[in-house]
Amino acid sequence: MAYIFKQNEHKYDMETDVLVIGYWGAGAVAAITAHDSGAQVLILEKMAAGGGNTRISGGTIALPKQKEYIKYLETLSYNSPRDVLERFVDESLKTEDWVKEMGGELATSSYLRVTIPPLSEMGWKHLPGVDYGIKKHVKGKSLISTPDDPPGYRLWQFLSSNVERRGIKVLTSTSARELIISQEGEVIGAIAKTDEKEISIKARRAVILTCGGYEYNEAMKWDFLAGMPVVANGNPGNTGDGIRMVQKIGAEIWHMVNLSC
């Protein structure tokens, strides 16, 4: 069971407006957005450094050219609610402008044509709506004679540099263990472990979980994946922490059997 605290009856070790748990792509964007909306933000990261799978990924960002891109997502999304997909497309149409505001620039991704038939930019050329999507990556800034860093690394450098410029506090080697809920059932913070001691953190406005998947949790893989064994190649910090924490407070989970490999 999650920790249940009575309001104003517990002395917290730390307080913030928004607590972000997990520091790679999603966590960085959430922290930047919350900060720029006027919130005090604290990020927890269980590993010694941020970046996670974002840093070693292909670094591509799938973007809609027009709202008709939703047809493509509907085919691939395993019955995700229509309003969720519409909101996703509406916000994704703003991504390139947001990157420019943050001081970056996107370039169209290019691929080596070594497959037969060649891979299309969006991966599934035969699906409806595919022509309304495009993949881009953060443009490199190196000289022509010097190879660019890998796209995933460029993406992470772009995001983490924006976090650093804002002075957003990041606690590394700090793993969230449990969510704190009020007697009314509201999530109001988290218990974390750092330097072999537990700390309690109050979040006055929100707790955002960006903890990654469960590819390094052998028990969860046996429970949810159809084919085993599955060997992971990514961030070893992905042990399903966020999934475990939200299950303890009664959250439902879905899409647990899907994987990209």
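This passage describes helix α1 and its surroundings, and then turns to salt bridges in the chain.

The model is a predicted one. The chain contains 8 helices and 10 strands, and 40% of its 261 residues count as buried. Contacts that reach far along the sequence are well represented: taking contacts between residues at least 6 apart in sequence, 68% join residues at least 24 apart.

Helix α1 is a convenient place to begin. The helix covers residues 25–36, and at 1.5 Å a residue its 12 residues should span 16 Å. The C-alpha atoms at its two ends lie 17 Å apart, so the length agrees with that expectation. Just beyond the helix, Gly-38 adopts a positive phi of about 100°.

The buried residues of α1 are Gly-25, Gly-27, Ala-28, Ala-30, Ala-31, Ile-32 and Ala-34. These residues pack against strands and helices from several parts of the chain. The strands are β2 (14–21), β3 (41–44) and β10 (197–209), and the helices are α2 (52–56), α5 (95–101) and α6 (151–165).

One of these partners, α6, can be looked at in further detail. Two packed helices are described by the angle between their axes and the distance between the axes. For α1 and α6 the angle is about 35°, and the axes are 9 Å apart. The crossing of α1 past α6 is left-handed. On the α1 side, the contact is made by Gly-25, Ala-28, Val-29 and Ile-32, while α6 contributes Trp-156, Leu-159, Asn-162 and Val-163. Sorted by class, the residues of this contact comprise 6 nonpolar and 2 polar ones, with no charged residues. Of the α1 residues in the contact, Gly-25, Ala-28 and Ile-32 are also buried.

Charged side chains come into view elsewhere in the model. Side chains of opposite charge can pair when their charged atoms come close. Across the whole structure, a search finds 16 salt bridges, and three of the pairs are described here.

Glu-15 and Arg-204 meet through their side chains in a salt bridge, at 3.1 Å from N to O. Glu-15 belongs to strand β2 and Arg-204 to strand β10, so this pair ties together parts of the chain that are 189 residues apart in sequence. Glu-15 is partly exposed, with a relative accessible area of 40%, and Arg-204 is likewise partly exposed, at 39%. The strands that hold this pair, β2 and β10, are also among the elements against which the buried residues of α1 pack.

A second pair joins Lys-46 and Asp-241, whose side chains form a salt bridge at 2.9 Å, N to O. Here too, distant parts of the chain are linked: Lys-46 sits in the loop between β3 and α2, Asp-241 is in helix α8 (residues 241–248), and the two are 195 residues apart. Lys-46 has a relative accessible area of 32% and is partly exposed, whereas Asp-241 is buried, at 15%.

The third pair, Arg-87 and Glu-91, is a local one, with both residues in helix α4 (residues 82–92) and 4 residues apart, about one turn of the helix. Their side chains meet in a salt bridge at 3.4 Å, N to O. Arg-87 counts as exposed, at 56% relative accessibility, and Glu-91 as partly exposed, at 36%. Returning to Glu-15 and Arg-204, salt bridges that share partners join these two residues and Asp-17 into one network.

Definitions and conventions. Residues numbered from 1 in each chain as written. Predicted model: local features only at pLDDT ≥ 70, side-chain atom pairs only at ≥ 80, totals over all residues. Heavy atoms only, no water. Expected span 1.5 Å × (residues − 1). Buried < 20%, exposed > 50% of the residue type's maximum accessible area, 1.4 Å probe, protein only. Contact = heavy atoms within 4.5 Å. Salt bridge = Lys/Arg side-chain N within 4 Å of Asp/Glu carboxyl O. Axes fitted to C-alpha atoms, helices over the stretch in contact; angles between N-to-C directions. Left-handed = near helix turned anticlockwise from the far one by under 90°. Nonpolar A, V, L, I, M, F, W, Y, C, P; charged D, E, K, R; others polar.
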